[in-house]
Amino acid sequence: QVQLVESGEGLVQAGGSLRLTCVASGTIYRINDMSWYRQAPGKERELVADITRGGSATYADFVKGRFTISRDNAKNTVYLQMDSLRPEDTAVYYCRAGKIYYTSNHYALYAWGQGTQVTVSS
């Protein structure tokens, strides 16, 4: 089994920065995509950013130019650097690993972390 553990939660003023980290552990041969999602109170979970194993990143329009996703394949770790934070960025942020290979032939479709709280005050 694979476990994803997020860290970096915090309370920050509008305009500030935070960096989230997600580490995958367990029996891992390779992880394809890694993503960050978020869920605000009363809202559905939404994709924030995604990065392929090769480093190609995509972003939701509402974070483009402010957030940066990156990963370290050797450490099975993905990061989310969040700058110019806004109160509307307040949410629980979740890490997701997509297509996790345990061996060269066996994989799980995805796994989720437990979430980490980000609060931005105005």
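E46 and R38 make a salt bridge in this predicted model, and their closest N and O atoms sit 2.9 Å apart. The two ends of that contact live in rather different settings: E46 is partly exposed, at 32% relative accessible area, while R38 counts as buried, at 7%.

R38 has a second partner too, since its side chain also meets that of D89 in a salt bridge, again 2.9 Å from N to O. R38 belongs to strand 5 (residues 34-39) and D89 to the loop between strand 9 (77-82) and strand 10 (91-101), so this bridge ties together parts of the chain that are 51 residues apart in sequence. Both R38 and D89 are buried.

D89 in turn has R66 as a salt-bridge partner, at 2.7 Å from N to O. This is another long-distance link along the chain: R66 is in the loop between strand 7 (57-59) and strand 8 (67-72), D89 is in the loop between strand 9 and strand 10, and 23 residues separate the two. R66 is buried, with 7% relative accessible area, and D89 comes out at 0%, which makes it buried as well. Put the shared partners together and R38, E46, R66 and D89 become one network of salt bridges. The count of salt bridges comes to four, and here are three of those, side by side.

| Salt bridge | N to O distance |
|---|---|
| R38 and E46 | 2.9 Å |
| R38 and D89 | 2.9 Å |
| R66 and D89 | 2.7 Å |

**Aromatic pairs**

On to the rings. Searching the whole structure turns up three aromatic pairs. One of them is Y37 with W112, an edge-to-face pair with 4.9 Å between ring centres and 65° between the planes. Y37 sits in strand 5 and W112 in strand 11 (residues 107-112), so the contact brings together stretches that are 75 residues apart in sequence. W112 is partly exposed, at 32% relative accessibility.

W112 also pairs with Y94, and that pair is edge-to-face too: the centres are 6.5 Å apart and the planes meet at 90°. Here the partners come from strand 10 (Y94) and strand 11 (W112), with their positions 18 residues apart in the sequence. Y94 is buried, at 14% relative accessible area. Through these contacts Y37, Y94 and W112 form one aromatic cluster.

Which residue lies over the face of Y94? That would be R45, at 3.6 Å from the ring centre. A similar arrangement turns up at Y79, where the charged end of R19 sits over the ring, 4.2 Å from its centre.

**The disulfide**

How many disulfides does a search of the whole structure find? The answer is one. C22 and C95 form it, with their sulfur atoms 2.2 Å apart. The link between C22 and C95 is left-handed, with -80° about the S-S bond. C22 is in strand 3 (residues 18-26) and C95 is in strand 10, so the bond ties together parts that are 73 residues apart in sequence. Both cysteines, C22 and C95, are buried. As a reminder, a disulfide is a covalent bond between the sulfur atoms of two cysteines.

**A surface patch, and a buried leucine**

W112 comes back once more at the surface. Together with Y107, L109 and Y110, W112 forms a nonpolar patch, and the four have about 430 Å² of accessible area together. Y107 lies in strand 11 and is partly exposed, with a relative accessible area of 39%. Patches take in residues with over 30% relative accessible area, so Y107 at 39% and W112 at 32% both pass that cut-off.

For contrast, look at L80. Is L80 buried or exposed? L80 has 0% relative accessibility, so it counts as buried. Its place is in strand 9. L80 and V48 are 32 residues apart in sequence, and their C-alpha atoms are 9.5 Å apart in space.

Key: Residues numbered from 1 in each chain as written. Predicted model: local features only at pLDDT ≥ 70, side-chain atom pairs only at ≥ 80, totals over all residues. Heavy atoms only, no water. Buried < 20%, exposed > 50% of the residue type's maximum accessible area, 1.4 Å probe, protein only. Helix = DSSP H or I, 4+ residues; strand = E, 2+ residues; numbered from the N terminus. Phe/Tyr/Trp six-rings, centres within 6.5 Å; stacked < 30°, edge-to-face > 60°. Lys NZ or Arg CZ within 6 Å of the ring centre and 35° of its normal. Disulfide = S-S within 2.5 Å. Patch = residues over 30% accessible without salt bridge, like charges linked within 9 Å, V, L, I, M, F, W, Y side chains within 5 Å. Areas by Shrake-Rupley, 256 points an atom, 1.4 Å probe, with all protein chains shown as cover.
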